Amino acid sequence: MHDREKQTIRVESARETDLPQLVSLMQGYLQFYGRQHGDEEVYQHAAYLLDHPQEGIQFIVWLDDEPVGFATLYFTLSTLGLRRSAILNDIYVAEQARGGGAAEELFRHCLAYVRSNGYAGMEWATAKDNSRAQRFYDKMEAKTGEWLHYTI
């Protein structure tokens, strides 16, 4: 990778032509969390969101012309907010691109999307042992919520 100071960072909504690059990034994310899915399965999931934008949207962050990360927002309803809410289900930047501002730009883009579209808010979770992500969210001025997150 060349000098980061000269690189242009941009975030765009994923398009059908981006699916091969998006699948590659999603595979990196899945590997980070020790999960495995075939490329076709991941492709179908991303394509589903393109065909069903009311359910979610994916963004890709680019350094110049290289895709280096992605984020996925899923939409749900909020009884407390009495409107739709967004769940930042995934945010991932490839290791070689970390520390150069791509994650910040991607996060800010998601937050701006949520705010400009009138969502009740944006929520997410991260692994308890992912201290790097926690430091990132602190840097982005995020606060831990009032609710405990459970899974089954």
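**Salt bridges, cores and turns in a predicted model**

Good morning. A search of the whole structure finds 6 salt bridges. Please bear in mind throughout that this is a predicted model. I shall begin with three of these pairs, then move to the nonpolar cores, helix 1 and the backbone.

The first pair on my list is Asp 18 with Arg 15, whose side chains meet in a salt bridge at 3.5 Å, N to O. Asp 18 has a relative accessible area of 3% and is therefore buried. Arg 15, by contrast, is partly exposed, with a relative accessible area of 43%.

Next, Arg 132 and Glu 95 form a salt bridge through their side chains, at 3.6 Å from N to O. Arg 132 belongs to helix 4, while Glu 95 sits in the loop between strand 4 and helix 3, so this pair ties together parts that are 37 residues apart in sequence. At 42% relative accessibility, Arg 132 counts as partly exposed.

The third pair is Lys 139 with Glu 104, where the side chains meet at 2.4 Å, N to O. Here helix 4 supplies Lys 139 and helix 3 supplies Glu 104, so the bridge ties together parts that are 35 residues apart in sequence. Is each partner buried or exposed? Lys 139 has 55% relative accessibility and so counts as exposed, whereas Glu 104 is buried, at 13% relative accessible area. Finally, salt bridges that share partners join Arg 10, Glu 12, Arg 15 and Asp 18 into one network.

I turn now to the interior. The largest nonpolar core holds 27 residues, and those touching the most other members are Leu 73, Leu 88, Ile 91, Leu 106 and Phe 107. Which elements give two or more residues to this core? They are strand 2 (56-63), strand 3 (66-78), strand 4 (83-93), helix 3 (102-116) and helix 4 (131-139). Helix 3 provides the largest share, 6 residues. Another core, of 16 residues, lies apart from this one, and its members include Ala 14, Tyr 29, Leu 30 and Ile 60.

Leu 73 merits a closer look. Leaving aside residues up to four places away in sequence, Leu 73 touches a set of residues that includes Ile 57, Phe 59, Leu 88, Cys 110, Tyr 113 and Met 122.

Let us consider helix 1. With 14 residues, numbered 19-32, helix 1 should span 20 Å at 1.5 Å a residue; its end C-alpha atoms are 20 Å apart, which agrees. Among its buried residues are Leu 19, Leu 22, Val 23, Tyr 29 and Leu 30. What do the buried residues of helix 1 pack against? Their partners are helix 2 (39-51), strand 2, strand 3 and strand 4. Just after helix 1, Gly 34 takes a positive phi of about 70°.

That brings me to the backbone. Most residues other than glycine have a negative phi. Two residues in loops are worth noting in that light. Asp 64, in the loop between strand 2 and strand 3, has a phi near 55°, a positive value in a residue other than glycine. Leu 82, found in the loop between strand 3 and strand 4, likewise has a positive phi, near 50°. Is the side of the chain at Leu 82 buried or exposed? With 74% relative accessibility, Leu 82 counts as exposed.

Thank you for your attention.

Conventions:
Residues numbered from 1 in each chain as written. Predicted model: local features only at pLDDT ≥ 70, side-chain atom pairs only at ≥ 80, totals over all residues. Heavy atoms only, no water. Core = buried A, V, L, I, M, F, W, Y, C linked by side-chain atoms within 4.5 Å. Buried < 20%, exposed > 50% of the residue type's maximum accessible area, 1.4 Å probe, protein only. Helix = DSSP H or I, 4+ residues; strand = E, 2+ residues; numbered from the N terminus. Contact = heavy atoms within 4.5 Å. Expected span 1.5 Å × (residues − 1). Salt bridge = Lys/Arg side-chain N within 4 Å of Asp/Glu carboxyl O.
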